[in-house]
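Student: I've got a model open and I'd like to talk through how its pieces fit together. Can we go question by question?

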Amino acid sequence: MVYLDRVLSSPAFILFAIIAIGMWVGSLKVRGISLGAAGVLIVALVFGHYSGVFYHEAKVVPKELVPKEVTDLGLLLFLYAVGLAAGPRFFDLFRRRGAQFLLVGLASTGAGALTCYLVTRYLGLQGPLGAGLYTGALTSTPALAAAMDVFRSKALPEAELKRLADIVAVGYGLAYPASIIGVTVFIQLLPAILRMSPDKAALLAKKESAAIEPGLERRRFRVSGDQFIGKSLAEIAAMGLSEAKISRVKRGDSVLVGLPDTRLERDDLVLVVGFPDELDKLNGLGHIVDESLKDTSGNVQWEMVVVSRERVAGKTLRDLRVWEDFNVVITRADREGSEFSPTGSFVLEIGDRLRVVGERADIEAFTQSVGEEERRLDETSLLPFGFGIVLGVAVGLVPIVLPGGIQTKIGMGAGTFIVGLVLGRLGRLGPLNFRVPNAAKHLCRELGLVMFLAGAGAGAGKEFMHMLHQYGPQLLVAGALITLASAGVGFFLLHKVLRWNYLSSAGALSACMTNPPAFNSSCRLWPSSDAAALAFASVYPVAQLGKIMWAQVLALVLGVH
């Protein structure tokens, strides 16, 4: 019995029991619908609710089923991994569609706040309870903390301030589970509701992405422009006309690699690689043709080379003297799903995929110089990884002073997410390389998510039924209305007004509700597409800040009565 008591009182045993049983429950399907990671929340609620009775009988009373520090760690791992994954493309996307992200994030959270105000007044609820319902219905812990800070700033006795904070927490605890589960199920029902298969939605997402963020293209020109004839490719590059690259030159039956000293002659057939707008700048080169530049001798070819040698990471192509020492041309680079037309200043990082054009022997020499150490692609350096999370926590805890002297903060989760976005974009900061293999990012995201849900559910489960009996089921209805208003306005704007494909809409809607399990479900609609992840990352910062703002406005307007 002593052994059994020790096992049952072990936080590690409880945590992973909740996760294992919860994922099994989440995998069960009813008419094709499963709860996924939200199953962990349900099991955690049950564990939390019955823990008091069970541990009283067993005479084992752990302080917390899942320590708060474990819950916080899970959230940090989840959001940091999402930020790192989305960072390489987020800022370009936000620059093009930032106004849409602001509209969706602020309007959806504002609709929930307005609904909360009306429901609170209609039902005659206390102001702190209404503010708590809002933060739970929109599943935002930073907003909960912000609302509590408003009430704590009032000139009232300490005991009264604690009572008000507890009432806010009650509202949060009642609305939170239903919101998590409801939005997660809704995301999974989207294909049936919209009568569109995920593969068709993924195709639409790919077309939208290409329209917003065109990829690299290839064009073939028959040289006839007088200003180019007789000039070397180095001289043409020095003219600064375009960043597109001439990778191959066909003259008669011979195919040449596009090296700096290669000179163009009239009627040469050239292959040029670049973004569409850069290719347009070379229209004076000659007529666009549809002819093959294939080298029938098989000597000039192209291969994809993966950068894996640590000694070249952080160096530019100019540093490596790619043209001079290897006689090859790099026409494109792929990093975390983003394509580049690399110039001499392009900095290599571990995991970059390079398209290399040249003679077979030269490509092999270049490959040996930068690659062939694939084991490094699976390694994660914990120094930069830990540094990123430390920096994110510090950013999240920076005090923000609002009008009226109220202090708030965006929270550790939002801070870590934002830092993850920035570091994912930078890739390197001095000697620190922030690249994390995809498998490691996926593990951090999945493990962080279930750790967070296990802790949040176990904590809420202890008081859930007590709160429900005390305040009545009308509060569950009130929370559901707030969730419905926020999610409904968000989805209407996304799908009907902005006409986003539903993979992007699902990701953005998950961000509007700051709902990790819903985001997980949106990613699983079509795992090979990153549309949901990019949309989540784009809307999440705006939505989180909007909730903090609206929660404080509600706390001020609703008052303490």
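Student: How are helix 17 and helix 18 oriented, roughly parallel or roughly antiparallel to each other?
Tutor: Keep in mind that this is a predicted model. Helix 17 covers residues 474-497 and helix 18 covers residues 502-512, and they pack at an angle of about 150° with their axes 10 Å apart. The cut-off here is that angles over 145 degrees count as roughly antiparallel. So the answer for helix 17 and helix 18 is roughly antiparallel.

Student: And which residues of helix 18 make that contact with helix 17?
Tutor: The crossing of helix 17 and helix 18 is right-handed. On the helix 17 side, the contact is made by Ala487, Phe491, Leu494 and His495. Helix 18 answers with Ser505, Ala508 and Leu509.

Student: How many charged residues are in the contact of helix 17 with helix 18?
Tutor: Sort the contact residues by class and you get five nonpolar and two polar ones. As for charged residues in the contact of helix 17 with helix 18, there are no charged residues.

Student: Arg499 caught my eye. Is Arg499 buried or exposed?
Tutor: Arg499 sits in the loop between helix 17 and helix 18. Its backbone has a positive phi of about 60°, although Arg499 is not a glycine. The relative accessibility of Arg499 is 62%, and the cut-off for exposed is over 50%. So Arg499 counts as exposed.

Student: What about Thr514, buried or exposed?
Tutor: Thr514 lies in the loop between helix 18 and helix 19. Thr514 isn't a glycine either, yet has a positive phi of about 40°. With a relative accessible area of 6%, against a cut-off of under 20%, Thr514 is buried.

Student: How far apart are the axes of helix 18 and helix 19?
Tutor: Start with the angle: helix 18 and helix 19 pack at about 170°. That makes helix 18 roughly antiparallel to helix 19. The axes of helix 18 and helix 19 are separated by 8 Å.

Student: Which residues of helix 19 touch helix 18?
Tutor: From helix 18, the contact uses Tyr502, Leu503, Ala506, Gly507 and Ser510. The contact of helix 18 with helix 19 divides into six nonpolar, three polar and no charged residues. The helix 19 partners are Ala518, Phe519, Ser522 and Leu525.

Student: Back in helix 17, what is Thr483 in contact with, leaving aside its neighbours within four places in sequence?
Tutor: Thr483 is found in helix 17. At 11% relative accessible area, Thr483 is buried. Its contacts, with those sequence neighbours set aside, are Ala137, Ser179, Val183 and Met513.

Student: Let's move to the sheet. Which are the edge strands of the five-strand open sheet?
Tutor: The strand order is 3-2-4-1-5, and the pairing is antiparallel. From one strand to the next, the twist averages 30°. An edge strand here pairs on one side only, and that picks out strand 3 and strand 5.

Student: Which residues of strand 3 point to one face and are buried?
Tutor: In a regular strand the side chains alternate between the two faces of the sheet. Strand 3 (residues 254-257) shows that alternation, with Ser254 and Leu256 pointing to one face and not buried. Pointing to the other face, and buried, are Val255 and Val257.

Student: Which residue has a positive phi in the hairpin of strand 2 and strand 3?
Tutor: Strand 2 (residues 245-251) and strand 3 pair in the antiparallel sense over four bridges, and Val249 stands opposite Leu256. The hairpin has two residues between the strands. The residue with a positive phi, near 70°, is Gly252.

Student: And on to strand 4: which residue there stands opposite Arg248?
Tutor: Strand 2 and strand 4 (residues 269-274) pair in the antiparallel sense over five bridges. Opposite Arg248, in strand 4, stands Leu271.

Student: Last one, for the whole protein: what percentage of the residues is buried?
Tutor: The protein has 20 helices and 13 strands. Among contacts with a separation of 6 or more, 80% come from residues 24 or more positions apart. Of the 561 residues in the protein, the buried ones make up 53%.

Methods:
Residues numbered from 1 in each chain as written. Heavy atoms only, no water. Axes fitted to C-alpha atoms, helices over the stretch in contact; angles between N-to-C directions. Parallel < 35°, antiparallel > 145°, perpendicular 65-115°, else oblique. Left-handed = near helix turned anticlockwise from the far one by under 90°. Contact = heavy atoms within 4.5 Å. Nonpolar A, V, L, I, M, F, W, Y, C, P; charged D, E, K, R; others polar. Buried < 20%, exposed > 50% of the residue type's maximum accessible area, 1.4 Å probe, protein only. Pairing = 2+ DSSP bridges.
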